[in-house]
Amino acid sequence: VASLAADAEGGLWIGTRSGLNRREGNRFTAFTRRDGLTDESVSGVHFSRSGVLWITTRGGMYQFKNGRILPYDFQTESQGRSPEFLGAYEDRRGNLWAFGDTYLINLTEGKRFNYFRGAEAASVRIWSLCEGRDGRLWIGTSGRGLFCFEENRFQPLTLGELHLPNGVCAIHEDREGSLWLGTPGGGLVQLSSQPV
């Protein structure tokens with residue numbers, strides 16, 4: 001299981017290496033090549049506010065609308081290791097973001113942002129996005145930890161003496177504004193918004 005998303009009807013969508021599945025109660029429905037996925041290795045699933053399910057795979061990006069899987073084409077001009085897609089994310093303003101190994105693309109505005117280049121790009125990959133309540137995008141990476149993306153600029157997060165994990169696979173902001181980071185091998189890390 002690479003990714004999970006819940007729909008408005010209470011169904012759970014599950015992205016796996018062998019396709020997309022929807023669980024509703026005890027019933028599972030599988031979506032594979034015969035349903036429109038040209039690559040069955042699903043790396044991410046994300047629901048937009050409009051109810052569209054965005055599906056990302058190693059071979060491209062899809063949307064699930066009106067019961068059908070449809071390809072979503074856009075130019076990547078990847079400057080990373082491969083044109084691999086890892087995920088999609090919609091922010092509160094309705095901007096749809098695609099993120100690959102070393103880049104972000106604002107698909108709504110047609111803007112691409114590269115930060116990790118050269119030798120550094122070989123050891124870094126963007127794994128996750130989360131919009132904070134203040135509108136900043138938090139970016140979890142392998143190799144470089146947590147970044148803030150604000151005003152079209154990447155800023156690495158440094159907290160003085162605090163040693164943050166080098167890998168951040170998942171990010172979630174709770175109701176109090178604290179960030180929860182899922183890390184490989186380091187468990188769950190909470191960055192509290194309130195002084196302890």
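The exercises below work through the secondary structure, cores, salt bridges and one sheet of a predicted model.

**Exercise 1. Describe the chain as a whole: its secondary structure elements, burial and accessible surface.**

Solution. Begin with the elements: the chain has one helix and 19 strands. Next take burial: 47% of the 196 residues count as buried. The accessible surface comes to about 10700 Å², and carbon and sulfur atoms account for 48% of that area. Finally, consider contacts between residues at least 6 apart in sequence; 37% of these join residues at least 24 apart.

**Exercise 2. Identify which residues of the largest nonpolar core touch the most other members, and which strands supply at least two residues each.**

Solution. The largest nonpolar core has 15 residues. Those that touch the most other members are Trp 97, Leu 104, Leu 129, Ile 139, Phe 149 and Phe 154. At least two residues of this core come from each of strand E9 (85-90), strand E10 (96-100), strand E13 (125-131), strand E14 (137-142) and strand E15 (146-150).

Now take Phe 154 by itself, leaving aside its neighbours within four places in sequence. Phe 154 is in contact with Leu 104, Ile 139 and Phe 149, and also with Phe 113, Asn 114, Tyr 115, Phe 147 and Cys 148.

A second core, separate from this one, has twelve residues, among them Leu 20, Phe 31, Val 45 and Phe 64. In soluble globular proteins, nonpolar side chains tend to be buried together.

**Exercise 3. For the salt bridges Arg 22 with Asp 7, Glu 90 with Arg 49 and Arg 136 with Asp 134, give the closest N and O distance and state whether the partners are buried or exposed.**

Solution. The chain has nine salt bridges in total. Burial is judged by relative accessible area: under 20% is buried, over 50% is exposed, and values in between are partly exposed.

- Arg 22 and Asp 7: the closest N and O atoms are 2.7 Å apart. Arg 22 lies in strand E3 (residues 19-24), while Asp 7 sits in the loop between strand E1 (3-6) and strand E2 (12-16), so the bridge ties together parts 15 residues apart in sequence. Both residues are buried.
- Glu 90 and Arg 49: here the closest N and O atoms are 3.7 Å apart. Glu 90 belongs to strand E9 and Arg 49 to the loop between strand E5 (42-47) and strand E6 (53-57), so this pair ties together parts 41 residues apart in sequence. Glu 90 counts as buried because its relative accessibility is 13%. Arg 49 is exposed because its relative accessible area is 56%.
- Arg 136 and Asp 134: the closest N and O atoms are 2.7 Å apart. Arg 136, at 27%, is partly exposed, and Asp 134, at 46%, is partly exposed.

In addition, Asp 91, Arg 92, Arg 93 and Glu 131 are joined into one network by salt bridges that share partners.

**Exercise 4. Determine the strand order of the open sheet of four strands, and find which strands stand at the edges.**

Solution. The order is E5-E6-E7-E8, with antiparallel pairing. E5 and strand E8 (68-72) each have a single partner strand, so one side of each lacks a neighbour in the sheet and these two stand at the edges. On average, neighbouring strands of this sheet are turned by 25° against each other, direction ignored.

Now look at one pair in detail. Strand E7 (residues 60-65) pairs with E8 in the antiparallel sense over five bridges. Within E8, Leu 70 stands opposite Gln 63.

Conventions
Residues are numbered from 1 along each chain as its sequence is written. This is a predicted model: local features need pLDDT of at least 70, side-chain atom pairs count only at pLDDT 80 or more; totals for chains, interfaces and linings use all residues. Side-chain values use heavy atoms; hydrogens and water are left out. Buried means under 20% relative accessible area, exposed over 50%, partly exposed in between (1.4 Å probe, protein chains only). Contact means heavy atoms within 4.5 Å. Accessible areas come from the Shrake-Rupley method with a 1.4 Å probe; for residues, only the protein chains shown count as cover. A nonpolar core is a set of buried Ala, Val, Leu, Ile, Met, Phe, Trp, Tyr and Cys residues joined through side-chain atoms within 4.5 Å. A salt bridge is a side-chain nitrogen of Lys or Arg within 4 Å of a carboxyl oxygen of Asp or Glu. Two strands pair if DSSP finds at least two bridges between them. Axes are lines fitted to C-alpha atoms, for helices over the stretch in contact, and angles run from 0 to 180 degrees between N-to-C directions.
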